[in-house]
Protein chains: 2
Amino acid sequence: MIHDRPTAASQTPHPCGQCQFYEGSVWTPIEPGSVSVLAGRFHRRELEADQVLFEQGDANQGVFCVSRGLIALRTHHADGTSTLLKLAYPGEVIGFRSFLDNGNHKTEARALIPSRVCTVARRDAERVVRASPGVLARLAARCVDEIDRNQARIIATATTSNKERLADTLMELIERHGEVDGEVIRARLPLSRKDLADLIGVPPETLSRLIGRLGKEGFFAFSGREVRIPAEGVRTA
Amino acid sequence: MIHDRPTAASQTPHPCGQCQFYEGSVWTPIEPGSVSVLAGRFHRRELEADQVLFEQGDANQGVFCVSRGLIALRTHHADGTSTLLKLAYPGEVIGFRSFLDNGNHKTEARALIPSRVCTVARRDAERVVRASPGVLARLAARCVDEIDRNQARIIATATTSNKERLADTLMELIERHGEVDGEVIRARLPLSRKDLADLIGVPPETLSRLIGRLGKEGFFAFSGREVRIPAEGVRTA
DNA sequence: CGACAAGTTGAAATCTCTCAATGCCTGTGG
DNA sequence: CCACAGGCATTGAGAGATTTCAACTTGTCG
């Protein structure tokens, strides 16, 4: 393969150049010749809340970067139930599992709130990866992150009670979605009770009771999808 | 980088050439020039039962392929408990997480039975990966396998009862370790009760009771580390 | 044989699940 | 404006499963 050498004249701007997550993106640095491949067929997509980006079982269409909003990755089981496997925040890459694997998506990706996603089509992504192995290395790094997260979840499930795990999950959500409001931090959870239950791994009734118990203990205060905690030493991204 | 072209005279035999898992190995195919790198510093190591290959927290020393036996990957928690995260059978690659991530091992690797492991030292592995991006792609594929396994475990924990999960785990173990003996399949489990309990995610006492219940139901018959099931349609690798 | 680890059993407390009923919220149609 | 359907969420109650701690048994290895 012949790599284009950058010249002042021929240089195409990197399509992710304006992205807030350009640093740390899997798409940079790459061979100059690949920039035009990316720039050409790069695609930005707006999703409304509840809109599906890809369905479980679909053939992989490419690699997606979340640039705004929040995407939920779920698997649906034969009996109609589903498990919420992951929340993908801005800066995260999704669809890379099936991209690397050349197979079908094992999860459904659905926007929880209005979101924006940048897509690199499969064929183009493959071309860029071939020319720029660094991209593959960075995708592998994302895999490693995913492995770490999943293992942390397995360990948490094995070693902590449901109530603790709910409290931990809430703290993570509050870090992301909370805002200081006087003496308290207030967060509007982006999840339905059902989804939150899936995340903890209990049925919704049990979640409801866990929330009731946590509320009674006083640290967390719930009202619908809103949670409040005292403002003390909690970093709110 | 200049790639050696293979010639009848200069060709070094691939060090994994004799390995039962040569096909499907992450180390093949590679650039001919990398073969001598591999061949030079390749290292084969025999482990006794219970011997440690690497400790949790150690810096990554390289990439390991299990060629015989069985390696357990565990994490140790602050409170002294531990979780058995994975059983690595012959043909599997371990240590790639920390290799890709350039970090420390998050798990301890310990032989459950006498085992053999082939090692490619970190520096050499890096060299080969740079010259042969295909290796990286194959490591990424192993990552994807790992992600799939972990997700399957998360889903199983969330959707099936402990008893079911124990039965499923036993069937997998029997597939690997069982031997047909007349009307029954007999397997000697390579795991202590404690490890088996870790794998299911319950304390040993609960495991003991689960085993008791499964035994009473009649399909499985236990005696110490041996399990027997009726021989019917079960593939025994 | 004896000591120590591993595994099992007992019993009470706690937690969770299931299923059914009720409450809450929202959007629609009269 | 109101009533009401439909979906989500909570609550109740009983059955079932799990945890914990302690006592006891079994197995193993010197």
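Between chain B and chain A, 4 residue pairs are in polar contact, both residues at pLDDT 80 or more; a polar contact here is a pair of N or O atoms within 3.5 Å, where within protein one must be able to donate a hydrogen and the other to accept it, and residues adjacent in sequence count only if both atoms are side-chain atoms. This is a predicted model, so local features need pLDDT of at least 70 and side-chain atom pairs count only at pLDDT 80 or more, while totals for chains, interfaces and linings use all residues. Residues are numbered from 1 along each chain as its sequence is written, chains are lettered from A and ligands numbered from 1 in the order in which they are written, and side-chain values use heavy atoms, with hydrogens and water left out.

On the chain B side, the elements that give two or more residues to the surface touching chain A are strand E4 (82–88), helix H2 (96–101) and helix H4 (133–159); helices (H or I, at least four residues) and strands (E, at least two) are DSSP runs, numbered from the N terminus. H4(B) gives the most, with 17 residues. By class, this side of chain B has 13 nonpolar, 9 polar and 6 charged residues, where Ala, Val, Leu, Ile, Met, Phe, Trp, Tyr, Cys and Pro count as nonpolar, Asp, Glu, Lys and Arg as charged, and the others, Gly among them, as polar.

Now for the contact as a whole: 28 residues come from chain B and 28 residues from chain A, with contact meaning heavy atoms within 4.5 Å. The two chains bury about 2,500 Å² between them, 75% of it on carbon and sulfur atoms; buried area is the accessible area (1.4 Å probe) that two parts lose on being put together, summed over both. B:Ile147, B:Gln151 and B:Ile154 supply 22% of the area that chain B buries against chain A, more than any other three residues. The interface also holds 4 salt bridges, each a side-chain nitrogen of Lys or Arg within 4 Å of a carboxyl oxygen of Asp or Glu. One of them pairs B:Arg97 with A:Asp148, whose closest N and O atoms are 2.8 Å apart.

Turning to the DNA, 14 residues surround strand D, with A:Arg209, B:Asn162, B:Thr206, B:Arg209 and B:Arg213 coming nearest; a residue is near a strand if one of its heavy atoms lies within 4 Å of it. Sugar and phosphate make up 59% of the strand D atoms that come within 4 Å of the protein. B:Asn162 puts a polar side-chain atom 2.7 Å from a phosphate oxygen of strand D, and the side chain of B:Arg209 has an N or O atom 2.6 Å from a base oxygen. From the other chain, the side chain of A:Ser208 has an N or O atom 3.0 Å from a sugar or linking oxygen of strand D. H7(B) gives the most to the surface near this strand, with 5 residues.

DNA strand C also has 14 residues around it, the closest being A:Asn162, A:Thr206, A:Arg209, A:Arg213 and B:Arg209. Of its atoms within 4 Å of the protein, 61% belong to sugar or phosphate and the rest to bases. A polar side-chain atom of A:Thr206 sits 2.9 Å from a phosphate oxygen of strand C, while the side chain of A:Arg209 comes to 2.8 Å from a base oxygen, through an N or O atom. H7(A) provides the largest share of the surface near strand C, 5 residues.
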